[in-house]
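Me: I want to learn how structural labels are earned. Let me ask about a few of them, one by one.

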Amino acid sequence: MKITVKILNETFTVPCKDGSQKIEWLAEETMRRYRKARSLPVDLAGKSPGFQVRRARGDGLLDPDDPIVDVLDDNDFVHVVLSTGCGSGSALVPAGTQSGLHYQEPIEYLSLDGNSLTPADLMQLGKGLYKIKLTDNSLSKVKEARKLLENILTENKVCYGINTGFGKFARTVIPGNKLVELQENLIRSHSAGVGPPLTPERTRMLFALRINVLAKGYSGVSFETLTRMIDAFNASCLPWIPEKGTVGASGDLAPLSHLAQGMLGEGRMWSPKTGWGEAKDVLEAHGLKPVKLGPKEGLALINGTQLITSLGAEALERAEGIARQADIVAALTLDVLKGTTRAFDSDIHAARPHKGQIEVARRFRSLLHSELYPSEISESHRFCDRVQDAYTLRCCPQVHGIVKDTIDFVRGIITTEMNSATDNPMVFPQRHEIISGGNFHGEYPAKALDYLAIGVHELASMSERRIERLCNPSLSELPAFLVEEGGLNSGFMIAHCTAAALVSENKVLTHPSSVDSLSTSAATEDHVSMGGFAARKALQVVEHVEQVLAIELLAACQAMEFLRPLHTTVPLEKVYDLVRNVADPWDKDRFMSPDIDAVTRLLREGEAWETVKPYVDEYQREVWGAAKPYLDDFHEREVKELRMGSPTSSYLSNLPLHQLRMGP
């Protein structure tokens, strides 16, 4: 009997023989394996933190004294949830490590004003690196909007969502003594999500983004309610929010309702201090009180696109990171396959001056053979008769470039959406009006994230073909599957299959979810964006791209073993060293998944980019310094002729002036 157990950020398969051991033993054995995997002291009897064991299906709590065989099936999946209260001497996490087990409350604040939050900021908030506060201007706007709403109520005017029902019930007027109950019922009935919960990081992002939108002052939420939300965020009191259930119009109602439900003190909630518990108890443990909703406040908390946009912001940031590093991985593969650098000549790309294409080509020139960074591998085939390479090597600027431009486009949409009021109705104090509209519709981020998935997928599509070239001896002139004694050893044979499987999955995942729509709320909401699925798919696609490129990077480093004693360029050798810090050369078959996981983490954390960036910057300085006098003369002459109406190079007439200085 075997049980798969997840603890913190690791997953273990624990053999249980006949299953007669108790659940407590399963938890202790998992913690022992975790310590061993993290090179922590294994013999720490009596020092383990408290824990709960829960089934992955249904989240059922298991009694530590129950025999495993009585409550679990073979190949079942469970979570070991560690209790809090463990200090810096935790048996599982070394001192100074940030995690749910050993959480360090941030001391710095990020000010939110509803207008200037960036995707990078949101990622930092998700990691728990900052608390938040509102600017004075935002607080004033929030108070003005609430005052108008209360004035309208005293005038007995009928306003949607304030003293009417919702959706199909919009024409049902609610009496004044039922307005609070109306808002509470809204939250409870709309808390209908399903599926696994958002991680703490993603819950923080969603939470922070909703606060940012409320800070714009168009929602009519009270100062007291918003303050209690900020206090809960700063204490990392995070409600249970299932990831599925939104159609992306009227906003992300189900997930945001679960967020609001926790703030009411209902449902489940987690914090580093308490672990999972009833929301009311978790808030109380932090000295916080549940929110008491006033008129419109329930609607103000749940009407918006913040699930789509927060998940989209993560997908965007990770896509940008892996896109930069895809250039590095491809450059290393090109060198070990003895490709040519001629395809990256600046004049080729100046003749087709797409911004992303030019940037990628420049990056390839920075990494590959040059006077500044010579490659012995490149020199070894200097006089070969090969004229050009396969498209997945030669056309990286053209393919990777449009991915970069796609990311830039999506960044504009997501950043705007992050700082937009997406409520309905919206409160306009200066006009003394409350107006119903449609800003909750998630079509903008939904379409953008479908586009992001389509774009970033091509990085994996190209990478998988390069892995094939590395593994195929008829294409690489390297040993089959990059291993000695082929036949006895299979090498990278199935690693390539894994890459192919992920790319094939991506082909399905890149089908746009936003082309679909189903009418909801008795045809009142007759067109929806399906943006929640667009965001979740985009994240899946990005994760697959990270994994495929990790396999390629491992394969390229393995190929280098067969080219020694030759060396590639200095920056690419540094990447090789980075990989070898977590994955040894492949001299015979061994368990490969840990190597893939380790290199995937390197890429996800941007370590390959951070490794080469100083060398890329130095190359740019060196080459730009040498070329600048010639470029200055060219620039002045061409600009003068352009302005005289007789350009000497026709393509330049279509360029903005800043692109005339494309650099080396």
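Reply: Start with Tyr 451, which lies in helix α17. The model is a predicted one.

Me: Why is Tyr 451 called partly exposed?

Reply: Its relative accessible area is 34%. Buried means under 20%, exposed means over 50%, and partly exposed is in between. So Tyr 451, at 34%, is partly exposed.

Me: What makes Tyr 451 eligible for a nonpolar patch on the surface?

Reply: A patch takes residues with over 30% relative accessible area and no salt bridge, and Tyr counts as nonpolar. Tyr 451 has 34%. It forms the patch with Ile 402, Phe 409 and Ile 454. Together they have about 360 Å² of accessible area. Helices α16 (396-418) and α17 (443-471) each give two or more residues to the patch.

Me: How do you know that β9 and β11 pair?

Reply: Pairing needs at least two bridges. β9 and β11 (residues 268-271) have two bridges, in the antiparallel sense. So they pair, by definition. In one bridge, Leu 238 has Trp 270 of β11 as its partner.

Me: What makes β9 an edge strand?

Reply: The open sheet runs in the order β9-β11-β12. β9 (238-239) pairs on one side only, and so does β12 (275-278).

Me: How do you know that β1 and β2 pair?

Reply: At least two bridges are needed. β1 (residues 2-7) and β2 have six, in the antiparallel sense. One of the bridge pairs is Lys 2 with Pro 15.

Me: Which residues make up the covered face of β2?

Reply: Glu 10, Phe 12 and Val 14 do. Thr 11, Thr 13 and Pro 15 make up the uncovered face. In a regular strand, side chains alternate between the two faces of the sheet.

Technical notes: Residues are numbered from 1 along each chain as its sequence is written. This is a predicted model: local features need pLDDT of at least 70, side-chain atom pairs count only at pLDDT 80 or more; totals for chains, interfaces and linings use all residues. Side-chain values use heavy atoms; hydrogens and water are left out. Helices (H or I, at least four residues) and strands (E, at least two) are DSSP runs, numbered from the N terminus. Patches are made of residues with over 30% relative accessible area and no salt bridge: like charges are joined within 9 Å, nonpolar side chains (Val, Leu, Ile, Met, Phe, Trp, Tyr) within 5 Å. Accessible areas come from the Shrake-Rupley method with a 1.4 Å probe; for residues, only the protein chains shown count as cover. A salt bridge is a side-chain nitrogen of Lys or Arg within 4 Å of a carboxyl oxygen of Asp or Glu. Buried means under 20% relative accessible area, exposed over 50%, partly exposed in between (1.4 Å probe, protein chains only).
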